[in-house]
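Visitor: I would like a close look at a single part of this model, taken slowly and set against the rest of the structure. Please give me one connected account rather than a list.

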Amino acid sequence: MYALARVLTGGDADAEDLVQETFVRAFRAISRFRRESSFRTWLHRIAVNVVKSHVARRGRRVETSALREDGEHVESLLDRMPSDEDLETAVVRRQSIDRALGTLSDEVRLLITLRDVQGLEYHEIATVTGLPIGTVESRVFRARQRLRPMLEPLLDRGCKGVLRRRALPRPVSQGSFG
Amino acid sequence: MTCDEATRLIDPALDGGTEPGTLVALMEHLERCPECHEQSETQLLVRRVLASRPAEMVPDGFSERLAARLAAEAGPAWLDAVNWRRWSLGLVPAAAAILWLALVVERPAEGTSSIDTASALITWGMQEGDLTLRLVEFDPGLELLRLLGDPVGSTPTER
């Protein structure tokens, strides 16, 4: 939830408040949870509505710049990370990914974040956003096309070779392709 | 298989949710079609990188602040004490015991001592650790102790 709020708000310092607000709203509404969707989907729907309300109150399109890790937060991270180098690597990688996601429109960034960062299924995303499944699939597909040039440097060179040989899982009866 | 069909199948195939026959057809198409092959690489590459996005660590004290907000949402403890729904539920076992006693005392089964019967059943309930008395539909003439397995060794009543 925290990662979702950070990505959708462009690293907004209010992300913690938004996540807390999500859980408070879920707590208030739990008696109305009818199990028509999974709890995960229901919670994500609340989170998305909370973030959208926040962005609307702010009255601006959320601009994603390099995420700023405020000083206090970084200090506590340093206490918990194995090494400064690991922290720096993680922060830089996350900032690079978020910078790329920031080039997308708010709605498309939401869809691809729910799909590829949060791991929701397409039908869950359709429930969360109210969009048809086909619309979600096509927008995510095109968003990935747009993101590839920006994200390709983040892929390990070793994996790239594997990618060319094994873009798809091998069926049992066939050999590999490409 | 057309390129449109192949394009729609790439994501489900990467999820592993494609029939073997369809998967074979898709792979054959990707071997022949460089554009679709490139597409499948794009989809896989971006999925992998995004899935590898390092998660933020929540700020220190996040759980405590959230717990405090939820506790405030639930309301003060004294409110629970005056919430009639909460404390009335706790009276159910006592109410059941009183009702049972009323039934037994009012219409004792023939040949049994109503007081002794009541004592035996209450004792049995506490021995089993079950404070909720099970009210069984019974005819006052039936041997209730036998229905409950005669746990205290009372002899069956004579009719």
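Guide: What follows starts from one helix of chain A and then moves outward to its surroundings and to the partner chain. The model is a predicted one, and every value below is computed from its coordinates.

The part I have chosen is helix 7 of chain A, which spans residues 122-129 and is mostly covered, with six of its eight residues buried. Those buried residues are A:Tyr122, A:Glu124, A:Ile125, A:Ala126, A:Val128 and A:Thr129, a list that holds the charged residue A:Glu124 alongside nonpolar ones such as A:Ile125 and A:Val128. The cover comes from both chains: it includes helix 3 (39-58), helix 6 (106-117) and helix 8 (133-151) of chain A, together with helix 1 (3-14) of chain B. Just after helix 7 of chain A comes A:Gly130, where phi is positive at about 80 degrees.

On the other side of the helix, the loop between helix 6 and helix 7 of chain A contains A:Gln118. The side chain of A:Gln118 is joined to that of A:His44 by a polar contact of 3.0 Å. Leaving aside residues up to four places away in sequence, A:Gln118 touches A:Met1, A:Ala3, A:Leu4, A:Arg40, A:His44 and A:Thr113.

Two of those partners, A:Ala3 and A:Leu4, lead to helix 1 of chain A, since both are among the buried residues of that helix, and buried here means a relative accessible area under 20%. Helix 1 of chain A covers residues 2-9, and eight of its eight residues are buried. Besides A:Ala3 and A:Leu4, the buried set includes A:Tyr2, A:Arg6 and A:Thr9. Just after helix 1 of chain A, A:Gly10 has a positive phi of about 70 degrees.

A positive phi also appears at A:Arg35, near 65 degrees, and there the residue is not glycine. Most residues other than glycine have a negative phi. A:Arg35 sits in the loop between helix 2 and helix 3 of chain A, and A:Arg35 counts as exposed because its relative accessible area is 68%.

Helix 8 of chain A, named above as part of the cover, holds another arginine, A:Arg148. In contrast to A:Arg35, which is exposed, A:Arg148 counts as buried because its relative accessibility is 8%. Its contacts, again without residues up to four places away in sequence, are with B:Glu38, B:Glu41, B:Thr42, B:Leu45 and B:Val46. Within its own chain, A:Arg148 lies 9.2 Å from A:Ala100, C-alpha to C-alpha, although 48 residues separate the two in sequence.

The other chain supplies helix 1 of chain B to the cover of helix 7 of chain A, and B:Asp4 is found in that helix of chain B. B:Asp4 counts as exposed because its relative accessibility is 56%. The C-alpha atoms of B:Asp4 and B:Cys36 are separated by 9.2 Å, with their positions 32 residues apart along the chain.

The two chains also meet through helix 2 of chain A (residues 15-29) and helix 4 of chain B (residues 62-74), whose axes come within 10 Å and cross at roughly 35 degrees. The crossing is right-handed. On the chain A side, the residues in contact include A:Val19, A:Phe23, A:Val24 and A:Phe27, and on the chain B side they include B:Phe62, B:Leu66, B:Leu70 and B:Ala74. The residues of this contact divide into eight nonpolar, one polar and seven charged, and among the charged ones are A:Glu16, A:Arg28, B:Arg65 and B:Glu73.

It remains to set these parts in their chains. Chain A has nine helices and zero strands, and chain B likewise comes to nine helices and zero strands. Buried residues make up 48% of the 178 residues in chain A, while 31% of the 159 residues of chain B count as buried. Of the contacts in chain A between residues at least 6 apart in sequence, 61% join residues at least 24 apart; for chain B the corresponding share is 52%. The accessible surface of chain A is about 9300 Å², with 48% supplied by carbon and sulfur atoms, and that of chain B is about 9800 Å², with 59% belonging to those atoms.

Technical notes. Residues numbered from 1 in each chain as written. Chains lettered and ligands numbered in written order. Heavy atoms only, no water. Buried < 20%, exposed > 50% of the residue type's maximum accessible area, 1.4 Å probe, protein only. Helix = DSSP H or I, 4+ residues; strand = E, 2+ residues; numbered from the N terminus. Contact = heavy atoms within 4.5 Å. Areas by Shrake-Rupley, 256 points an atom, 1.4 Å probe, with all protein chains shown as cover. Axes fitted to C-alpha atoms, helices over the stretch in contact; angles between N-to-C directions. Left-handed = near helix turned anticlockwise from the far one by under 90°. Polar contact = N/O pair within 3.5 Å; in protein donor to acceptor, adjacent residues only side chain to side chain.
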